[in-house]
Amino acid sequence: MPVFKAYMKIAKKNVWMILMYLGIFIAITVMFQTFTEEQEADYAAQSVSVGVIDEDGQEAAKSLISYIERTNEVHLLEDNMEALQEDLFYRNVEYIVRIPQNFMDRCILGDEKLKVTTVPGTYSGSYVEQQISNFMNSARSYGAAGFTEREISSAMERRTAPEVNLTEVNGNAVRDLSYTFYYRYLPYLFLCVLCYVMGYLLMGSSRGSLPDRMKASAVPARRQSAEGLLASCVIAFLLWAVCILISLIFYSRDFLESGKAAWYLLNTFVLLMSSLALAYLVGSLVKSSDALSGIVNTLSLVMCFTCGVFVDMDLLSSTLRKAAQFLPVYWYETANEILSDYAVIAGSVRSQLLGAIGIQMVFAAAFVCITFAVAKKR
């Protein structure tokens with residue numbers, strides 16, 4: 001199989017390029033996954049360093065301090081202007097609240113507002129101010145109902161923070177599973193690696209006198225095409241196998257126990273076929289490595305940004321989503337979202353998933369037909 005061996009030698013020379021894109025892909029996946037996990041953590045209660053100047057010392061003032069201390073780090077400060085300025089400058093505290101004398105009469109039963117100082121340009125001021133506002137509103141309601149200062153303090157002590165429970169939608173908790181990020185960014189890797197490899201393979205087989213020598217060889221043209229196609233399929237299958245192996249290493253237990261591993265493998269394999277067909281079309285059109293780089297970068301980035309790879313589909317405009325339906329990556333991401341949103345694939349969900357996978361196969365067949373048409377035209 002001389003043609004097959006020649007193609008594999010060309011692919012072997014570009015192994016470092018394949019490894020480079022594998023590294024980029026893994027880095028992007030880890031980066032986006034870490035960023036999303038940090039965003040989810042931002043919704044948890046955060047602790048702020050709060051300085052308190054207590055000039056009252058009565059039950060209501062102590063109740064306010066205890067309320068702030070539930071979610072923040074409270075520092076009792078002296079009324080010293082220079083020391084307070086230094087604490088704010090060095091970020092020992094980010095928010096200072098002054099509780100005046102007769103706090104109950106002046107602020108809870110009266111209309112006087114608390115004097116506060118915060119670090120400019122930070123969210124902590126609004127965060128703590130909202131907590132103090134909640135306390136004051138509740139305390140004023142108790143005061144209007146005739147509660148004494150001690151009764152208000154006791155009532156505020158008994159108030160518990162609200163609990164947030166994640167409900168399940170479509171059988172899944174409302175969060176993204178770790179392996180969904182990995183499979184979400186696979187199109188970028190497939191498009192870049194396959195387009196580059198196929199471009200170099202086809203350019204290498206058409207350089208100099210090699211096409212004339214291949215025509216004059218004893219190997220029939222049909223067998224040459226078959227061996228070239230076999231080499232392309234072997235390279236694509238190896239890339240797919242390596243990607244699946246990486247996912248099994250990183251997410252083995254969660255992925256295999258999800259009950260949807262076979263669907264993910266099928267979806268990625270069909271994406272691989274459409275990417276390979278598109279890569280063969282690109283490789284048959286380019287004549288230089290510079291042109292190949294320009295086409296591959298433009299094609300991969302445009303598809304990834306418009307089809308929901310780098311940008312969530314929910315953030316895309318309706319016009320852009322309609323245009324993206326004419327690209328195979330859009331339907332891969334649609335299938336990927338279905339797998340992410342539903343714990344059980346059955347009924348109408350199964351039909352939607354099969355439809356998205358089937359459209360990818362149609363795109364693969366269309367790319368093959370276009371490639372044959374271009375070859376016949378030449």
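Strands S1 and S3 run parallel and are joined by 5 bridges. By strand I mean a DSSP run of E with at least two residues, and by helix a DSSP run of H or I with at least four, both numbered from the N terminus. Two strands count as paired if DSSP finds at least two bridges between them. This is a predicted model, so local features need pLDDT of at least 70 and side-chain atom pairs count only at pLDDT 80 or more, while totals for chains, interfaces and linings use all residues. Residues are numbered from 1 along each chain as its sequence is written, and side-chain values use heavy atoms, with hydrogens and water left out.

Back to the strands. Where S1 meets S3, Ile53 stands opposite Arg98 in S3. Please remember Arg98, as I will return to it.

What is the order of the strands in the open sheet? The order is S2-S1-S3-S4, 4 strands with mixed pairing. S2 and strand S4, residues 115-118, stand at the edges with a single partner strand each, so one side of each has no neighbour in the sheet. On average, neighbouring strands here are turned by 20 degrees against each other, direction ignored. For that angle, axes are lines fitted to C-alpha atoms, for helices over the stretch in contact, and angles run from 0 to 180 degrees between N-to-C directions.

Now the other two pairings. S1 and S2 pair in the parallel sense over 4 bridges, and Val52 stands opposite Leu76 in S2. S3 and S4 pair in the antiparallel sense, also over 4 bridges. Val97 has Val116 in S4 as its bridge partner. As a general point, side chains in a regular strand alternate between the two faces of the sheet.

Is S3 enclosed or open? It is largely enclosed by the rest of the structure, because 4 of its 5 residues are buried. Buried means under 20% relative accessible area, exposed means over 50%, and partly exposed is in between, using a 1.4 Å probe and protein chains only.

Next, the salt bridges. The whole structure has 4 of them. A salt bridge here is a side-chain nitrogen of Lys or Arg within 4 Å of a carboxyl oxygen of Asp or Glu.

One of them is between Glu55 and Arg98, with the closest N and O atoms 3.0 Å apart. This pair links distant parts of the chain, 43 residues apart: Glu55 is in the loop between strand S1 (49-54) and helix H3 (59-69), and Arg98 is in strand S3 (residues 95-99). Glu55 is partly exposed, at a relative accessible area of 31%.

Arg98 also forms a salt bridge with Asp79, again with the closest N and O atoms 3.0 Å apart. Asp79 lies in the loop between strand S2 (73-76) and helix H4 (81-89), and Arg98 in strand S3, so this pair ties together parts 19 residues apart in sequence. Asp79 is partly exposed, at 48% relative accessibility.

Another salt bridge joins Glu112 and Arg106, and its closest N and O atoms are 2.8 Å apart. Glu112 is partly exposed at 27% relative accessibility, and Arg106 is partly exposed at 34%. Through shared partners, salt bridges join Glu55, Asp79 and Arg98 into one network.

Now the helices. How far apart are the end C-alpha atoms of helix H12, residues 261-285? They are 36 Å apart, which agrees with the span expected for 25 residues at 1.5 Å a residue. The expected span is 1.5 Å times one less than the number of residues. H12 is largely enclosed by the rest of the structure, because 18 of its 25 residues are buried.

Helix H13, residues 289-306, has 18 residues and an expected span of 26 Å, and its end C-alpha atoms are 26 Å apart, in agreement. Its buried residues are Leu292, Val296, Ser300, Met303, Cys304 and Thr306. In general, an α-helix has 3.6 residues a turn, so residues three or four places apart point the same way. Just after H13, Gly308 takes a positive phi of about 90 degrees.

Last, helix H2. Leu19 is in this helix, residues 15-41, and is partly exposed at 44% relative accessibility. Ile28 is also found in H2, but at 17% relative accessibility Ile28 counts as buried. The C-alpha atoms of Ile28 and Phe181 are separated by 9.7 Å, although the two residues are 153 residues apart along the chain.
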